[in-house]
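Trainee: I should like to learn how a structural model is read, residue by residue and strand by strand. Where may we begin?

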Amino acid sequence: MRLSRYFLPVLKENPAEAQIVSHRLMLRAGMIKQASAGIYSWLPLGFKVLRKLENIIHEEQARAGHIAIQMPIIQSADLWRESGRYDDYGQEMLRMKDRHDRDMLFTPTAEELVTDIFRGHVSSYKDLPLTLYQIQWKFRDEIRPRFGVMRGREFYMKDGYNFDLTKEDALHAYNRHLVTYLRTYERMGLQAIPMRADSGPIGGDNTHEFLVLADTGESEVFYDSAVTDLTFGDRQIDYDSREQCQAILEEFTSKYARTDETHDEALFNQVPEERRRVARGIEVGQIFYFGTKYSEAMGATVQGPDGKPTPVHMGSHGIGVSRLVGAIIEASHDDKGIIWPEGVTPFHCGIVNLKQGDDEADAACDKIYGALTALGLDPLYDDRKERAGGKFATMDLIGLPWRITVGPRGLKNGVVELTCRRTGESEELSPEAAVTKIAEIYEHIA
């Protein structure tokens, strides 16, 4: 993409309504535009990041054997009455009537709808286990939407639902999801700590939230600092192995880490004092096991091995995809702008032409651009007739992890400048070597 042809409405001044870094930088970088309170249009740069996150989630869900579906945004209230949640959910649920005076609602979550799908098509234990998921827009009518996409009313979410014959099977599905989420967040350049949490209106006894530590987090968290030393890395997991998935769960949840709703001061005091931490966290996902709460209420049964109808054990598992964009920025920025991790960057690198219109500089940039695209990479070429300072400021603001700077002076010596956004360090390389280095960097990004 050439910047002269791209839609990137950057702002020079900080928007007055933006209270936190991610909201401020997403508006300034032209990633989003507010349509109404807590509802945003996703502009090209923001939309590219959203799709990057979505693709990572799809890949990790497929790796674990989970199956993607797509459910409607508008649901019938009848299903929610069946489960008993229609009146209990509260004013966050946006209710409406269609032209036939039928009660409808804008989906805040989809346990009822997916249970209806399951009970209509699955009747035997031989078809279990089964995990279905979707990535879909949701709506919760927050009384005070704020912090941009971090606390919006409309949001993009991955929600998954497992159906199993027994509690033991369902707890394996719970563990399997914990493993997939650890892999997913690390691929996004995040450390998301699983913390014992409260189930809220979803229900159930077993639940963990995944939180990214950040000063602007909405939750107070208490944890053993040793949990921040844990990484999943590139280890290979057999998702059918209960032992392996259970071992990962124990490794990542045995040390104290809880949100304020479930904090236990006595247990926390058993952590060595030098490792006790109190901080703020941003919730980016949550997993639940809630047993037969919905299957019993809605008649979702299968014929068990004994020939008798058995209510299935269920769980649900969510990732806030649109909120993740804000969380990544909160965790990765400086005073110049965003710093995207390589796994989720909207463009793999930027190309800055210091003297647009100079034949040699234009030709060198075109050659670098062509070489990168030929390798399957996606560069953003700033070919505008702007001063160099303005081009650098734009690249720093939008946060591409690598920048190749091309100018007549360097070309006379056969070099361009390759700069790392995170460290600010630069090195002079031949144009071919710069392309090769960028390709090598992304070759190792999953």
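Mentor: Let us begin with burial, bearing in mind that this is a predicted model. A residue counts as buried when its relative accessible area is under 20%. Phe155 has a value of 14%, so Phe155 is buried.

Trainee: In which strand is Phe155 found, and which residues does Phe155 touch beyond four places away in sequence?

Mentor: Phe155 belongs to strand 8, which covers residues 154–164. Its contacts, leaving aside residues up to four places away in sequence, are Pro108, Gln136, Trp137, Lys138, Phe139, Arg140 and Ser322. For Gln136, 19 residues from Phe155 along the chain, the C-alpha separation is 8.4 Å.

Trainee: Is Thr394 buried or exposed, and which helix holds Thr394?

Mentor: The cut-off for burial is under 20%. Thr394 is buried because its relative accessible area is 10%. Thr394 lies in helix 11, residues 388–398. With residues up to four places away in sequence set aside, Thr394 touches Leu3, Leu8 and Arg384.

Trainee: How should a sheet be read? What is the strand order in the open sheet of 3 strands?

Mentor: One reads the order of the strands and the sense of their pairing. Here the order is 4-6-5, and the pairing is antiparallel. Strand 4 (74–76) and strand 5 (94–97) are the edge strands, each pairing on one side only. On average, neighbouring strands of this sheet are turned by 35 degrees against each other, direction ignored.

Trainee: How many bridges join strand 5 and strand 6?

Mentor: Strand 5 pairs with strand 6 (residues 103–106) over 4 bridges, in the antiparallel sense. As one example, Leu94 has Phe106 of strand 6 as its bridge partner.

Notes
Residues are numbered from 1 along each chain as its sequence is written. This is a predicted model: local features need pLDDT of at least 70, side-chain atom pairs count only at pLDDT 80 or more; totals for chains, interfaces and linings use all residues. Side-chain values use heavy atoms; hydrogens and water are left out. Two strands pair if DSSP finds at least two bridges between them. Helices (H or I, at least four residues) and strands (E, at least two) are DSSP runs, numbered from the N terminus. Axes are lines fitted to C-alpha atoms, for helices over the stretch in contact, and angles run from 0 to 180 degrees between N-to-C directions. Buried means under 20% relative accessible area, exposed over 50%, partly exposed in between (1.4 Å probe, protein chains only). Contact means heavy atoms within 4.5 Å.
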